[in-house]
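Please work through the following exercises with the sequence and the structure at hand. Each task is followed by a solution in steps.

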Amino acid sequence: MYPKVLIAFFVQLRLASRNLFRQRRRTALALSTVAGGVIALLLAGGFFNWVLVSIREATILSQLGHLQITRPGYFDKGISSPYDYLLPAKIPAEAENLDGVRTVAPRIAFTGLISKGDQTISFMGEGVDPVKEAPIAAAITLTKGKDLADSPHRSVIIGQGLAANLGVDVGDTVVLLGSTVSGGLGAVELKVAGLFATVSKAYDDSSLRVPVDIARDMIRVKGATSWVVLLSDTADTDATMTAMRALLPASEFEITPWYQLADFYNKTVELFSKQVGVIRALIALIVVLSISNTLSMAVMERTHEIGTSMAIGVRRRGILTLFLAEGMLLGLLGGVIGVVLGLALGELISFIGIPMPPPPGMAFGYMGQIRISPGLTLDGFVLAFSTTL
């Protein structure tokens, strides 16, 4: 039984391929429609994928790291009184040496006033270890000057928005004034080593960074308000978090992944996901309508052929099977062509780059690229195959 079914199947495919190549103009139109829909889906989806991955990595590599270790309740109650939730200066060695951990950097958060001459405004500061923090700050763009690791010890780098509001530039001397842990006032005079920008304009408008030792001396504390963990691969975030929770007692340490802290990224993902869904639905609708029109014309043009086939004994099921075979071949060919051309165009566009203006909430524009994932490629092919079939 099975050989007869297979023989009949291949006979139908052969007849379908002959019908397609007999009407080359109509077939070329159908293939271009299918391939064009696949290409549009791949390029649009690939651009959205790249934007989301870029924002994710920029958020991780400019502010959050992959994991942040704090005292329990720090993110709920410690923002107003961070020195009540101090950690030791160094993370336990067994946690720092876990597989996949690139670096663990201490940070101390503090607030105060920054002055230059008669100008004084408030700031949010971070005391960081310049060497250990360097990999975590890879996405911070120095718009002017040098990083803390390449500057004298008594230096500060300032967000470009904060620097513009205060009217300072690289080489200027500023005074930081903040409350100490005992309730007094601490002050330090520093030289501006550089100006920086991140993906978040709000952060750049209010933030500065100093060496962690200077922050500790100014507010008269020891330790850190958080340990920031950077991993080799973002995909290992949850696994490493589980391993660290097994090593660090929950009564003393709270481990928070980046995605629970990245409010801007989460809202962007939600917005883009809706946009991608609408675009995918529109592309699918266009492909369905175009292919339906093309195949309907193919049926109308071949009514005499269908009548002749039925007159010599071909059943309705046989006619339907023949058209299904033609649709399957169109879907396979159009899907393959669309995927190949889409991947090639994606690489070409990524090589050239897409100049993009600054989106809302970001400080600067960027060069866009196309990131076509295996899942997106499969979606495009399935769309072509299913709609034609």
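## Cavities

By class, the residues lining the second largest cavity are five nonpolar, one polar and one charged. The model under study is a predicted one.

**Exercise 1.** Identify the residues that line the second largest cavity, and assign each to its class.

*Solution.*
Step 1. The lining is made up of Leu 41, Ala 44, Gly 45, Phe 48, Val 276, Ile 279 and Arg 280.
Step 2. Gly counts as polar and Arg as charged, whereas Ala, Val, Leu, Ile and Phe count as nonpolar. The lining therefore divides into five nonpolar, one polar and one charged residues.
Step 3. Helices α2 and α10 each contribute at least two residues to this lining. The largest share, four residues, is that of α2.
Step 4. The volume of the second largest cavity is about 30 Å³.

**Exercise 2.** Determine how many cavities of 30 Å³ or more the whole structure holds, and describe the lining of the largest cavity.

*Solution.*
Step 1. Searching the whole structure yields two cavities of 30 Å³ or more.
Step 2. The largest cavity encloses about 70 Å³. Ten residues line the largest cavity, and those closest to its centre are Leu 20, Arg 26, Thr 27, Leu 295 and Leu 330.
Step 3. Two or more lining residues come from each of α1 (2-22), α2 (24-64), α10 (263-301) and α12 (316-352).
Step 4. By class, the lining of the largest cavity comprises five nonpolar, three polar and two charged residues.

## Aromatic pairs

**Exercise 3.** Classify the pair Phe 47 and Phe 48 by geometry, and state whether Phe 48 is buried or exposed.

*Solution.*
Step 1. The structure contains nine aromatic pairs. In the pair of Phe 47 and Phe 48, the centres are 6.1 Å apart and the planes make an angle of 55°.
Step 2. Planes under 30 degrees apart count as stacked and those over 60 as edge-to-face, so the remaining angles are tilted. The pair of Phe 47 and Phe 48 is tilted.
Step 3. Phe 47 has a relative accessibility of 17% and counts as buried. Phe 48 has a relative accessible area of 11% and is buried; Phe 48 is also one of the residues lining the second largest cavity.

**Exercise 4.** Classify the pair Trp 258 and Tyr 265 by geometry.

*Solution.*
Step 1. The ring centres of Trp 258 and Tyr 265 lie 5.2 Å apart, with 65° between the planes.
Step 2. The pair of Trp 258 and Tyr 265 is edge-to-face, because planes over 60 degrees apart fall in that class.
Step 3. Trp 258 is buried at 7% relative accessible area, and Tyr 265 is buried at 13%.

## A helix residue and a strand

**Exercise 5.** Locate Thr 377 and list its contacts beyond four places in sequence.

*Solution.*
Step 1. Thr 377 belongs to helix α13 (residues 374-388).
Step 2. With neighbours within four places in sequence set aside, Thr 377 is in contact with Leu 42, Val 339, Leu 343 and Ile 372.
Step 3. The relative accessible area of Thr 377 is 17%. Buried means under 20%, so Thr 377 is buried.

**Exercise 6.** Describe how strand β5 pairs with β7 and with β8.

*Solution.*
Step 1. Strand β5 (residues 155-159) is mostly covered, with five of its five residues buried.
Step 2. Strands β5 and β7 (residues 185-197) pair in the parallel sense over five bridges. Gly 159 has Phe 196 as its bridge partner in β7.
Step 3. Strands β5 and β8 (residues 207-211) run antiparallel and are joined by two bridges. Ile 158 has Leu 208 as its bridge partner in β8.

Key. Residues are numbered from 1 along each chain as its sequence is written. This is a predicted model: local features need pLDDT of at least 70, side-chain atom pairs count only at pLDDT 80 or more; totals for chains, interfaces and linings use all residues. Side-chain values use heavy atoms; hydrogens and water are left out. Rings of Phe, Tyr and Trp (its six-membered ring) pair if their centres lie within 6.5 Å; planes under 30 degrees apart count as stacked, over 60 as edge-to-face and the rest as tilted. Buried means under 20% relative accessible area, exposed over 50%, partly exposed in between (1.4 Å probe, protein chains only). Contact means heavy atoms within 4.5 Å. On a 1 Å grid over the protein atoms alone, a cavity is a set of points where a 1.4 Å probe fits but cannot get out, and a pocket is an open set with protein on both sides within 12 Å along at least five of seven lines; lining residues have an atom within 4 Å of a point. Grid points are joined across faces, edges and corners, and a volume is the space filled by probe spheres set on the points. Two strands pair if DSSP finds at least two bridges between them.
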